[in-house]
Amino acid sequence: MMRKVVIFSLLIFASCTKDKTTINQVAELSCGQCQFGLDSQAGCDLAVRIDEKAYFIEGFGIDDFGDAHNKTSGFCEVVRKGEVIGSIENNTFLASSIKMVD
């Protein structure tokens with residue numbers, strides 16, 4: 001009987017853990033507020049769109065790749081592409097690497 005309880009407990013625990021699958025792909029990057037319509041944070045913040053859903057990015061700032069308000073390349077003005085590596089946790093993209101491809 002105890003064995004069944006332990007196995008059942010392990011199955012419940014396994015089903016409750018969050019899968020932190022590493023994402024490694026080319027994705028759209030831009031200002032979450034200005035270009036992707038995110039409104040859960042004030043101001044301008046870097047975001048990524050993966051599978052048609054946008055997430056704010058933790059680990060990199062909006063000005064890390066140049067002036068966010070530059071008319072031709074700023075994230076508040078245009079949507080750019082970059083290779084991103086990281087994971088999604090609590091509706092935020094935890095980036096370990098971003099390399100611009102455009």
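**Entry 1: the whole chain**

I began with the surface. The protein exposes about 6,700 Å², and carbon and sulfur atoms supply 53% of that area. I note here that the model is predicted. Next I looked up burial. Of the protein's 102 residues, 29% count as buried.

I then listed the secondary structure. I found one helix and five strands. Along the sequence they follow the pattern α-β-β-β-β-β. I also checked how contacts spread along the chain. Among contacts in the protein with a separation of 6 or more, 46% come from residues 24 or more positions apart.

**Entry 2: the barrel**

How do the five strands run in the closed barrel? I traced the order as β1-β2-β3-β5-β4, with mixed pairing. Neighbouring strands of this sheet are turned by 55° against each other on average, direction ignored.

I picked one strand pair to follow. Strand β4 covers residues 80-89, and β5 covers residues 92-100. The two pair in the antiparallel sense, over eight bridges. As one example, I looked up Ile85 and found Ser97 in β5 as its bridge partner.

**Entry 3: Arg80**

I went to Arg80, which sits in β4. Is Arg80 buried or exposed? Its relative accessible area is 11%, so I put it down as buried, the cut-off being under 20%.

I wanted to see what its side chain meets. A polar atom of the Arg80 side chain lies 3.3 Å from the backbone oxygen of Ser73. The side chain of Arg80 also joins that of Asp102 in a polar contact of 3.3 Å.

I then listed the residues that Arg80 touches, leaving out those up to four places away in sequence. Ala27, Glu28 and Leu29 are among them. So are Phe65, Ser73 and Phe75. Met100 and Asp102 are on the list too. Two phenylalanines in that list, Phe65 and Phe75, sent me on to the rings.

**Entry 4: the aromatic rings**

How many aromatic pairs are there? I counted two aromatic pairs. In one of them, Phe65 and Phe75 meet edge-to-face. Their centres are 6.1 Å apart, with 85° between the planes. I placed both residues in the loop between β3 and β4, 10 residues apart. Strand β3 itself covers residues 53-58.

I looked up the accessibility of each ring residue. Phe75 is at 2%, so it counts as buried. Phe65 is at 25%, so it counts as partly exposed. That value falls between the 20% and 50% limits. Ring pairs also bring in Phe60, which forms a cluster with Phe65 and Phe75.

**Entry 5: Asn91**

I ended at Asn91. Where is Asn91 found? I located it in the loop between β4 and β5. Its relative accessible area is 47%, so I recorded it as partly exposed.

Which residues does Asn91 touch, not counting those up to four places away in sequence? I found Lys53 and Tyr55. With Lys53 there is also a polar contact between the two side chains, at 3.4 Å. Lastly I took a distance from Asn91 to Ile57. The two are 34 residues apart in sequence. From C-alpha to C-alpha they are 9.6 Å apart in space.

Methods: Residues are numbered from 1 along each chain as its sequence is written. This is a predicted model: local features need pLDDT of at least 70, side-chain atom pairs count only at pLDDT 80 or more; totals for chains, interfaces and linings use all residues. Side-chain values use heavy atoms; hydrogens and water are left out. Helices (H or I, at least four residues) and strands (E, at least two) are DSSP runs, numbered from the N terminus. Buried means under 20% relative accessible area, exposed over 50%, partly exposed in between (1.4 Å probe, protein chains only). A polar contact is a pair of N or O atoms within 3.5 Å; within protein, one must be able to donate a hydrogen and the other to accept it, and residues adjacent in sequence count only if both atoms are side-chain atoms. Contact means heavy atoms within 4.5 Å. Two strands pair if DSSP finds at least two bridges between them. Axes are lines fitted to C-alpha atoms, for helices over the stretch in contact, and angles run from 0 to 180 degrees between N-to-C directions. Rings of Phe, Tyr and Trp (its six-membered ring) pair if their centres lie within 6.5 Å; planes under 30 degrees apart count as stacked, over 60 as edge-to-face and the rest as tilted. Accessible areas come from the Shrake-Rupley method with a 1.4 Å probe; for residues, only the protein chains shown count as cover.
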